[in-house]
Amino acid sequence: MTPQHLSALHHAAFKTERPWAACEFESLLTSAYVALYAVPQGFALARTIAGESELLTLAVDPAHQRQGIGRTLTMEWLAAIAPVADTAFLEVTADNNAAHALYLSLGFSEIARRSAYYARKNAAPADAIVLRRDITSGDSSLHMPESG
């Protein structure tokens, strides 16, 4: 995916928050510590360094949400970092119940809340929930079942 495609998809997925610009994606993708996990309908972008990995953003085209794409991308990220990271982190908007439930189902736990973290268009800022998960190399929960 090009930075322009990532930006367009991010804009479609995040209607109330500030979408990221193509130049922001381009800058992130030049880092040796940043990895992109992508399918045509969505992507996840993560930074892994010093034994920790942070999911920077995950976006799924609204027409393809609730089809398991976010789960698949998150699992791909977690499986990829297992050999090099001990901990995974992410932030989710406090009112994004579907994403929060997804991350909890994948073993993440709430460790903090950032008040008024996400700026919103024509609305009050939203809190961010900071989630953490320990990563264990060889963890069978990090592998997607084979599709038949």
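A50 sits in the loop that links β2 (42–49) to β3. Helices here are DSSP runs of H or I with at least four residues, strands are runs of E with at least two, and both are numbered from the N terminus. Phi of A50 is positive, near 55 degrees, although the residue is not glycine. A50 counts as exposed because its relative accessibility is 77%. Buried means under 20% relative accessible area, exposed means over 50%, and partly exposed lies in between (1.4 Å probe, protein chains only).

This is a predicted model, in which local features need pLDDT of at least 70 and side-chain atom pairs count only at pLDDT 80 or more, while totals for chains, interfaces and linings use all residues. Residues are numbered from 1 along each chain as its sequence is written, and side-chain values use heavy atoms, with hydrogens and water left out.

**Positive phi values**

A50 has company, as the table shows.

| Residue | Place | Phi |
|---|---|---|
| A50 | loop between β2 and β3 | near 55 degrees |
| A116 | strand β5 | near 50 degrees |
| N122 | hairpin of β5 and β6 | near 55 degrees |
| G107 | follows α4 | near 95 degrees |

A116 counts as partly exposed, because its relative accessibility is 41%. In the hairpin that holds N122, two residues lie between the strands.

**The sheet**

Six strands form an open sheet with mixed pairing, in the order β1-β2-β3-β4-β6-β5. β1 (34–39) and β5 stand at the edges with a single partner strand each, so one side of each has no neighbour in the sheet. On average, neighbouring strands are turned by 25 degrees against each other, direction ignored. Axes are lines fitted to C-alpha atoms, for helices over the stretch in contact, and angles run from 0 to 180 degrees between N-to-C directions.

Two strands pair if DSSP finds at least two bridges between them. β4 and β6 pair in the antiparallel sense over seven bridges. F89 has R132 in β6 as its bridge partner, and A88 stands opposite R133 in β6. β5 and β6 are also antiparallel, over seven bridges. There, Y118 has A126 in β6 as its bridge partner.

**Helix α4**

Which residues of α4 (97–105) are buried? They are A99, H100, L102 and Y103. These cover an arc of only 160 degrees around the axis, which puts them on the same side of α4. The arc is taken from the directions that run from the helix axis to the C-beta atoms. The buried residues of α4 pack against β3 (52–60), α3 (69–81), β4 (87–93), β5 (109–120) and β6 (123–134). Contact means heavy atoms within 4.5 Å.

**The cores**

A nonpolar core is a set of buried Ala, Val, Leu, Ile, Met, Phe, Trp, Tyr and Cys residues joined through side-chain atoms within 4.5 Å. The largest one has 25 residues. W77, I81, L90, Y103 and F108 have the most contacts inside this core. Two or more residues come from each of β2, β3, α3, β4, α4 and β6. α3 gives the largest share, six residues.

What does I81 touch, leaving aside its neighbours within four places in sequence? I81 is in contact with Y37, T48, S53, A88 and I135. A second, separate core has ten residues, including L9, L28, L45 and A59.
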